[in-house]
Amino acid sequence: MNIAIIGTGNVGGALAERWAKAGHTIRLGVRDTADFKGRELLQLPNTTVHSVADAVKASDVVLIAATPQSVIAIVEQMGDVAGKVIIDAMNSVRTRPEPYADTFEALKALTKGGHLVKCFNSTGFENMRDPSYGNTAIDMFMAGSSEKGKTTARQLALDAGFAECYDFGGDDRVSLLEQFALAWINLAIMQGQGRGIAFKVIRR
């Protein structure tokens with residue numbers, strides 16, 4: 001797949017690494033192509049840097065892993081997203097894109113014709129960089145009403161090394177997925193369990 005990644009910090013960088021090594025073409029969409037966080041990502045195979053508009057135009061999938069308050073400005077730079085899958089990998093735990101309640105709501109209101117899905121928000125970037133715990137791969141989770149978006153997100157989760165990507169439901173379950181992310185944050189950081197923990201669905 002041709003994937004634009006907007007937000008080249010911990011989450012965007014970890015997924016860029018996994019997807020590039022899986023054979024996908026990665027275009028990093030940044031504000032300043034000469035000076036941006038994550039320049040080391042250009043050492044990955046199939047990875048180049050572009051303006052946000054150019055990265056999005058040349059890609060079929062757009063992952064946004066930026067700060068919530070920057071979402072509106074990012075959408076203004078993205079251009080036409082009709083037919084593209086937009087993956088919201090952010091959480092509005094501490095900040096939100098005013099006047100919207102969360103990043104998904106903002107993207108839903110501001111992007112026209114895109115296939116929006118919430119995914120890659122429910123665990124730490126360390127687990128995205130390495131989803132394996134011994135011989136067991138952990139799971140990823142998604143939500144959204146676009147079937148195209150969810151089909152794409154699930155495939156990319158598998159390509160990143162996750163065992164499965166479970167569907168929480170439609171747009172009305174996105175807030176639940178954000179709370180699920182907060183549960184991981186609470187255990188890992190607030191309760192001091194450490195960032196080396198993850199969620200796995202098991203069956204009897």
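Q: Is F141 buried or exposed in this model?
A: F141 is buried. Its relative accessible area is 5%, and buried means under 20%. Keep in mind that this is a predicted model.

Q: Which ring does F141 pair with, and how do the two sit?
A: F141 and F180 form an aromatic pair. Their centres are 4.9 Å apart, with 80 degrees between the planes. That makes the pair edge-to-face.

Q: What about F180, buried or exposed?
A: F180 is partly exposed, with a relative accessible area of 21%. The cut-off for buried is under 20%, so F180 at 21% does not count as buried.

Q: Where do F141 and F180 sit along the chain?
A: F141 is in strand β9, residues 140-143. F180 is in helix α7. They are 39 residues apart, so the pair links distant parts of the chain.

Q: Which residues are in the ring cluster?
A: F141, Y166, F168, F180 and F199 are linked into a cluster by ring pairs.

Q: How many aromatic pairs are there in the whole structure?
A: A search of the whole structure finds 6. One of them is W19 with F120. Their ring centres are 5.5 Å apart and their planes are at 80 degrees, so this pair is edge-to-face.

Q: Where are W19 and F120?
A: W19 is in helix α1. F120 is in the loop between β6 (115-119) and α5. They lie 101 residues apart, and their pair links distant parts of the chain.

Q: Are W19 and F120 buried or exposed?
A: Both are buried.

Q: New topic. How many cavities of 30 Å³ or more are there?
A: The structure holds 1. About 40 Å³ of space lies in the largest cavity.

Q: Which residues line the largest cavity?
A: S122, T123, I138, D139, F141, A198 and F199. F141 and F199 also belong to the ring cluster. The lining divides into 4 nonpolar, 2 polar and 1 charged.

Q: And the largest pocket, how much space is in there?
A: About 1100 Å³. It is lined by 40 residues, and the closest to its centre are A65, A66, T67, P68 and M90.

Q: Which elements give two or more residues to that lining?
A: They are α1 (10-21), β2 (25-30), α3 (71-78), α5 (125-129) and α7 (174-190).

Q: Which one gives the largest share?
A: The largest share comes from α7, with 4 residues. Helix α7 also holds F180.

Q: How does the pocket lining divide by residue type?
A: The lining of the largest pocket has 20 nonpolar, 14 polar and 6 charged residues.

Note on methods: Residues numbered from 1 in each chain as written. Predicted model: local features only at pLDDT ≥ 70, side-chain atom pairs only at ≥ 80, totals over all residues. Heavy atoms only, no water. 1 Å grid on protein atoms, 1.4 Å probe; cavity = no way out; pocket = protein on both sides within 12 Å on 5 of 7 lines; lining within 4 Å. Points joined across faces, edges and corners; volume = space filled by probe spheres on them. Nonpolar A, V, L, I, M, F, W, Y, C, P; charged D, E, K, R; others polar. Phe/Tyr/Trp six-rings, centres within 6.5 Å; stacked < 30°, edge-to-face > 60°. Buried < 20%, exposed > 50% of the residue type's maximum accessible area, 1.4 Å probe, protein only.
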